[in-house]
Amino acid sequence: MEQGSGVRDQESGKARVVFHPALCCVVAAMMACCALPAPAHEKSMPMPDWAVNAAKTATPDDAKNAPAVILLDEYLITVDAQNHAVERERYAVRILTPQGRDYAHCTAYYDTDEKLHYFHAWTLGADGKQFQAKDEDFADQGLAESEVLQSTARLRTLNPPGADPGAVVACETETELRPYMDEETWAFQAPVPVVSEALELALPPGGHFADSWRGYPAIKPEETTDSHLRWEIHDMPALDLENVRSAPAWGALAARMSVMWGDMAVHGTAAQWRELGLWQAALEEHRADPTPEIAAKAKELTAGVPDFYAKLERITDYIQKNVRYFVIETGVGGWQAHWAADIYRNGYGDCKDKTTLLIAMLDAVGIRAYYLHVDTRRGVIDPDAPSLMGNHMITAIEIPAGVNDPRLVARVKMAQDPEGKTSPEDNESKDLLIFDPTDEWTPVGLIRSELQGAYGNISDGENSQVLRMPVLPPAAGGITRVGKFTLGVDGGISGEIDESRVGDAAERERAEIKYSDAHEIHDAMEQSLSGDLPELDFKGYEFSSVGDLEKPLGLTVKLAAANYAHPAGPLLLLRPRIVGSHVHAVPDVMAGRKRSYPIVLGAPGTWRDSFEIALPAGYTVDDAPEPVKMDVGFASYQSSVTARDGVLHYESEYVVRDVQIPAADAADFRRLELAILKNEKSSVVLKKQTIADSGQGPGK
Amino acid sequence: MRARLICCLPLLVFTFASSTAYGQFHDPTKEELAMTSDPKAPDAAAVYLDYEEKTDDPLHYYSVYARIKVLAEKGKELATVNIPYLRGETKINDIHGRTIHPDGTVVPLEGKPADLLQSKSGDEQIGKRVFTLPSVTVGSILEYEYQIDYDDNIYSSPQWWIQQPYFVHHAQYSFMPFPAFQKGNAAMTSRYLEDPKTERVLNHMMWAQLLPSGVKMVNDAQGRFTLELTDVPAIPREEHMPPIQSTLYRVLFYYTWAASEGDYWTEEAKSWSKEVDHFAEPSDAVKKAVAGIVAPTDSDLVKAQKLYAAVQALDNTDFSREKGKEELKVLGLRQAKRAEDTWTQKSGSKEDIARLYLAMLRAAGIPAYAMKVVNRNRGVLDPTYLNFGQLDDEIVLATIAGKEMDLDPGEKMCPFGTLDWIHAGTGGIRQDEKGVGLTFTPELKYADNTTLRTADVYLDAQGQVKARVTYVMTGQNAMGWRQTALIYGKEEMQKRFDRMLQEAMPGGVEAHVDHFLGLDDPGTNLLAIVNAEGALGAATEKRLLLPGFFFEARGHVDFVNEVKRQTPVDMLYPDRVVDQVTYHLPDGVSVEGAPKNDQILWPHRALLTVKVAQTPGQVVVTRDFAQGFTAVKADEYADLRGFYQKVGASDQQAMVLVTTAEQKGN
């Protein structure tokens, strides 16, 4: 699902000349086997001077603990008068540990319209021996690895000779960039340090460019000759998130620059977003025109419905249930949807296709909707750094004036004047509902958490702009769990739990139900419950409202477990939080270390547990955990245990109000998590009542 | 004309259809259309109503036909079909398919399925055709067929893997071999097969099979093999399964020169043995090397140990990196043909190194033989399957002080005197003084694979702890970490160890490795020194509650999920984990309740022993878990589960601490 525009993405840890996998997935194609690029049959070529010089670079001090250090990574993009571009990359890496070999497996993507001109590689061993990669050192593979993907895109990978610690591997590739794209993104940060990097842009005479930067101060290019520009960066530190839990996506933190040429090269952030939206609009022009069949179906679905929400619900539900996710892409198909008529007939498509059919059906019943290009990795799309970065297409639906249905929660206002020249109160025009038709489990009106608080680029002609998707209120997500149990004198417990799930909690479970058979669901549930109840005797489960997205997803679980309460001398220890946990383990924060990155909380929501446990006759509560009540702004937690008439009552409420918090809030996060952790681990101490101590214990 | 044997053809092909496609499609019955669940497969998301594979060498085609009922959302995944094929020698000519809705509406597959590259390496290209059936709903019947045509000179050897991911109501397989291999045609014709490696003529067609009880394959008068089955269970999915292919129903056809099982293994083993002896000849160069390593006064055991250490120190390319032909050329190296090549080049594959060790032992005058075994992580030896390719790796059997020892010099970091678990309790062929033969290696013992975890846990009155933890590992447990360090580097190994610790520590406690000792020396224990701290205890109004077993507080217990078992339980190797945790209590706190001394026994299989010792200011909890078995049969599963459940319950015991004042008050 990863993708960008023309991104050189170093996230994977390998030098990559990344092609831009298409929206929503991968790339694929309905065409006979495209010819492989010119056979390598590598002639003998000595290691070129640029590689020899790069290999002389000393390993910087900050790379001592890294698996590898990138000594050089330079790109040259040459654009012709038709704005078609060819990209050359020169890359040299020193392997420092066996693990560092991963950085030496240079790769090149190519496709029907992205021809790979050449791919050469050399190794300079630590002992000074030189090797040149030969045919046997390269392998090609199709990228259609997924069962739901057909793609003509391919990947050539180097298995370099002599790639041992201390060696320097140098690679040079040249690839034609896709002729329909006038943008490349230079991802100049990697999980290992980079000593020297550059991007050169050779434009045709009179050519112009625009650039946008993210996570790094903008650099002015040096104009080496007429229309030949060069940006240089030295000593870029590593961005290594491997052991950082709950961090935003790598791509959301890594520094990058996007450069546009041709018609895309306009100046000013708002103007650049507009240009990108116009490009998308041109690509999809007429794709979403409703055919008579589509219009008839949309009208049939909405016949006699009482209101706007119901109209939307009928159509979105139809697409969610009847258009299977399957991706067929070749070349521009990575960006361009199929025709609505084909999607409707086949009953399958990718995210662009589902959006296209939705726009067409809504259009047929008088509702306007738009393509909204987003990324499921929150933070990858940066409002201040316009680019075609993004991996997903969803829909923005125009809400008519006066419609204030409370079920339409995922709403956002679109600016009348994206450049913000007018005052904020006058600068709101369309009221939009954000909806993801590829998400088959979230009802219209809501969006799942990975989209909340993220940005997207809406394609609305001259009014195209970047939008922030809303963070939904805590009431829109979470689980309410009610349990009734009976504790035996032997510590065994039996009972039933009723759950009601909304928002992400429902979406995830519904997805699980779709992708699993009953046996797998049973096993997964049993596995999860047995973490809390080691001697679980799982009696069964029943879901309700699985297909009815408008209703909360219901789940009833029946269970028993031997030895749930543990004897300790004369006491019986009972953990009243019988199942589930709200602990969000972030080791570096919990250990009190300084946090450098935001903490991703997950989905906003409200989780309420209410358990009643009938105690065995003769037992009373001798000791119980103190009640907890804590509110840190972005989240709150409260919990209490009481006992009355031989029944223990456990209540807890956990509320999350945001999707992510800044690193500065780490101390509050730690305080909250410690309170939750201690509370969840705590037990009630039961004591067999004797005549002597009758009448003692809290809550009586 | 000389034909070639293309053994890989069946492996590349999963499903196909004939050019007369629609004529062979079946009209569904009313019951099939109305079906919403299947009593024979109660939880299934789909079932195969029919599945058919045909291979016809005289007509040069292989075809697949499938009819599938979708019963739940997940079953829709079967609407997409990937057909891998070998480009150049095979061609997919016909693909037809249709979706039938529960109301009987038929939606045909239209368009040309994509022809995509799957992989290309050297001259070999594997392509794949992909199609997805249209308009699929829960309740639909999916029906498709395809046909792969292959060149005239390709002999196929079908491999019928009979179990599918879903239950199959009716399955049919057929194979028509070339006339030379049909019944009554054992005599040579103008066509014959040749083993490309040995150039032996392959004039017998055989098959290895594992079929449900009562099911028999038929070989008819025309020479056609057919197999028909009903109610085939889905491929099992269970925890701790042995290599899955060893448990599945199957018929594997192949061509061989041998007329019988005995002939085959005897001849192949002899040929292998000759090759080994040639490589491992104790030449002058090898003798000279040995003389530089051992002293004449060394005992055989010491000699064997010194030589073992010497070959283990070589670059083992299975653990570092295999060099390509061009690279070897630049380095002035060559593919080792003799043991001295490996020694001179200080580098070799694990097989080269095992054979070098064999040569060195022989040069030192120690009787030693080679054995080629199945990697137990990959498969189980089937002697009825006359395929030498079943055997993976070589080990060395040396007689020292009159006792034969199994040694694994090719397995980097494997301690002297033991085997990697993948080579223990597995079948293979061996050399001995009488010749060669099939045999099995011994199983490992739990005492050889130990982990001792100790923790000194210092507790404060609020339940916060600081702990100094050590892990002392031997045998397989140490070898695994050492190999990780070798393959991925020490930093990466440390990261992985930290991740393992995080899974093992009680919730709220963070642990990180401080350093390792003995990481590079397989002859010693591997020690990990770990620092841990965090919130271990949970306070109530009057008490502090702690997990009774520091290392088992996560509460994960194996084998709770499956009530019944279809396949054997494979634990890979026996082992023993001893935990010794000393809780240092804060002043004014005493123990009100602690885990009980206990012993849980599964006779001849496993034992848990718990001992608790209290002294003023501290409690020592010792937990000793010995799993003395490698694998158990499915019919012993109830006993195994019962034992593990008791262990799980024991591990849940808590420690209750109370302030001395509070206790007095009570």
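1. Two strands pair if DSSP finds at least two bridges between them. Keep that in mind for the strands below. This is a predicted model.

2. Start where the two chains meet. Strand β8 of chain A, residues 138-142, pairs with β7(B). The sense is antiparallel, and the pairing runs over two bridges. Which residue of β7(B) is the bridge partner of Asp140(A)? Look for Lys120(B).

3. Now widen the view to the whole contact between the chains. Chain B gives 65 residues to it, and chain A gives 75 residues. On the side of chain B that touches chain A, strand β7 (residues 114-121) of chain B supplies the largest share, eight residues. By class, this side of chain B has 21 nonpolar, 25 polar and 19 charged residues. So β7(B) appears twice in this note: as the pairing partner of β8 of chain A, and as the source of that largest share.

4. Turn to the domains of chain A. The assignment gives domain 1 (49-262), domain 2 (272-472) and domain 3 (475-688). The centres of domain 1 and domain 3 of chain A, taken over C-alpha atoms, are 47 Å apart. These two domains are in contact: six residues come from domain 1 of chain A and ten residues from domain 3 of chain A. On the domain 1 side, the residues divide into four nonpolar, one polar and one charged.

5. Next, a helix pair in chain A. Two packed helices are described by the angle between their axes and the distance between the axes. Helix α4 (residues 292-302) and helix α7 (residues 351-364), both of chain A, pack at an angle of about 70°, and their axes are 8 Å apart. Angles of 65 to 115 degrees count as roughly perpendicular, so α4(A) is roughly perpendicular to α7(A). The crossing of α4(A) past α7(A) is right-handed.

6. Which residues make this helix contact? From α4(A) come Ile294(A), Ala295(A), Lys297(A), Ala298(A) and Lys299(A). From α7(A) come Ala360(A), Met361(A) and Ala364(A). The contact of α4(A) with α7(A) has six nonpolar and two charged residues, and no polar ones.

7. Move to chain B for an open sheet. Four strands lie in the order β30-β31-β39-β34, with antiparallel pairing. Which strands of chain B are at the edge? They are β30 (538-539) and β34 (589-593), each pairing on one side only. Two bridges link β30(B) to strand β31 (residues 543-547) of chain B, again antiparallel. Opposite Ala538(B) in β31(B) stands Leu545(B).

8. Then follow two hairpins in chain B. Strand β35 (residues 598-602) and strand β36 (residues 606-615) of chain B pair antiparallel over five bridges. Leu601(B) faces Leu607(B) in β36(B) as its opposite residue. This hairpin has three residues between the strands, and His604(B) takes a positive phi near 65°.

9. The second hairpin shares β36(B) with the one before. Ten bridges join β36(B) to strand β37 (residues 618-627) of chain B, and the two run antiparallel. The bridge partner of Val612(B) in β37(B) is Val621(B). How many residues lie between the strands of this hairpin? There are two, and Gly617(B) takes a positive phi near 85°.

Technical notes. Residues numbered from 1 in each chain as written. Chains lettered and ligands numbered in written order. Predicted model: local features only at pLDDT ≥ 70, side-chain atom pairs only at ≥ 80, totals over all residues. Axes fitted to C-alpha atoms, helices over the stretch in contact; angles between N-to-C directions. Parallel < 35°, antiparallel > 145°, perpendicular 65-115°, else oblique. Left-handed = near helix turned anticlockwise from the far one by under 90°. Contact = placed C-beta atoms within 7 Å. Nonpolar A, V, L, I, M, F, W, Y, C, P; charged D, E, K, R; others polar. Domains from an automatic or database assignment.
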